[in-house]
Amino acid sequence: MRVIVADHPLIAHKLTYLRHKDTDSPTFRRLADELVTLLAYEATREVRTEPFDIETPVGPTTGIKLSTPKPLVVPILRAGLGMLEGMVRLLPTAEVGFLGMLRNEETLEAVTYANRLPDDLSGRQCYVIDPMLATGGTLAMSIRYLVDRGADDITAVTLLAAPEGIDALERELGGLHVPITLVTAAVDEKLNGQGYIVPGLGDAGDRLYGVV
Ligand code: URA
């Protein structure tokens with residue numbers, strides 16, 4: 001797996017305010033949205049394109065356009081929804097699929113509790129968005145689910161990642177024969193005993209949507 005830590009002063013600035021415990025929910029949402037757009041720029045560096053012949057007012061030239069099938073953006077419910085607008089701002093023609101996954105704590109099997117995706121993802125480039133890569137369980141299950149349905153290139157975009165989560169993705173996805181990339185704004189120090197990223201930013205879902 002390729003790990004890209006997006007390195008830009010604007011990203012670091014927005015992330016600092018996102019982490020701040022006194023940042024209120026409307027500001028948190030706006031900052032997350034802006035940060036995702038900057039991450040999306042980095043994450044789409046290898047989006048698939050094809051040549052496109054056009055005429056400018058002065059003469060013919062060949063540019064590029066996004067290839068078909070169009071990329072698929074997959075927010076992981078619920079917190080991933082807070083990243084969707086920021087992502088599709090740069091990829092307005094992308095299709096969007098939704099995925100909600102839980103681990104059954106008795107069997108430890110992945111359970112899909114919500115799925116709105118095309119059945120056949122053959123040849124699809126997918127951008128999976130989830131703000132916090134903590135233990136890596138949900139993200140690993142989601143990526144495996146997409147690859148099982150034919151996706152052949154996956155980029156996960158997160159705001160923050162814990163080293164433990166990156167290790168878990170490497171371990172659990174190591175056998176997959178498709179390129180997997182992680183783009184994140186920062187890799188933090190560790191996970192604490194409650195599974196929170198340290199220093200992190202707290203519970204991303206709660207800070208985006210309030211506690212439900
Ligand atoms: N999920 C969160 O929202 N925050 C963390 O720190 C870890 C997982």
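**Helix H2 and the nonpolar core**

Start with a quick ruler check on H2: its 19 residues, at 1.5 Å a residue, should span 27 Å, and the C-alpha atoms at its ends sit 26 Å apart, so expectation and model agree. The model is a predicted one, and H2 is one of six helices in a protein chain that also has 13 strands.

Zooming out, the chain as a whole passes a similar check. A compact globule of 212 residues would have a radius of gyration near 17 Å, and the 18 Å found for the protein chain agrees with that. Along the principal axes, the C-alpha atoms fill a box of roughly 60 × 40 × 30 Å. Some 35% of the 212 residues count as buried. Among contacts with a separation of 6 or more, 68% link residues 24 or more positions apart.

The largest nonpolar core takes in 53 residues, with Leu35, Val128 and Val157 touching the most other members. The top contributor to this core is helix H2 (residues 25-43), which supplies eight residues. In soluble globular proteins, nonpolar side chains do tend to be buried together.

Back on H2, the buried residues are Phe28, Leu31, Ala32, Leu35, Val36, Leu39, Ala40 and Ala43. An α-helix has 3.6 residues a turn, so residues three or four places apart point the same way. The buried residues of H2 pack against three helices and three strands: H1 (9-19), H3 (84-88) and H6 (204-209), plus E8 (125-129), E10 (153-161) and E11 (180-187). As for Leu35, its contacts beyond neighbours within four places in sequence are Ile11, Lys14, Leu15, Leu18, Leu159 and Ala185.

Methods. Residues numbered from 1 in each chain as written. Predicted model: local features only at pLDDT ≥ 70, side-chain atom pairs only at ≥ 80, totals over all residues. Helix = DSSP H or I, 4+ residues; strand = E, 2+ residues; numbered from the N terminus. Rg over C-alpha atoms; globule rule 2.2 N^0.38 Å. Buried ≥ 20, exposed ≤ 12 C-beta atoms within 10 Å, placed from the backbone. Contact = placed C-beta atoms within 7 Å. Core = buried A, V, L, I, M, F, W, Y, C linked by C-beta atoms within 7 Å. Expected span 1.5 Å × (residues − 1).
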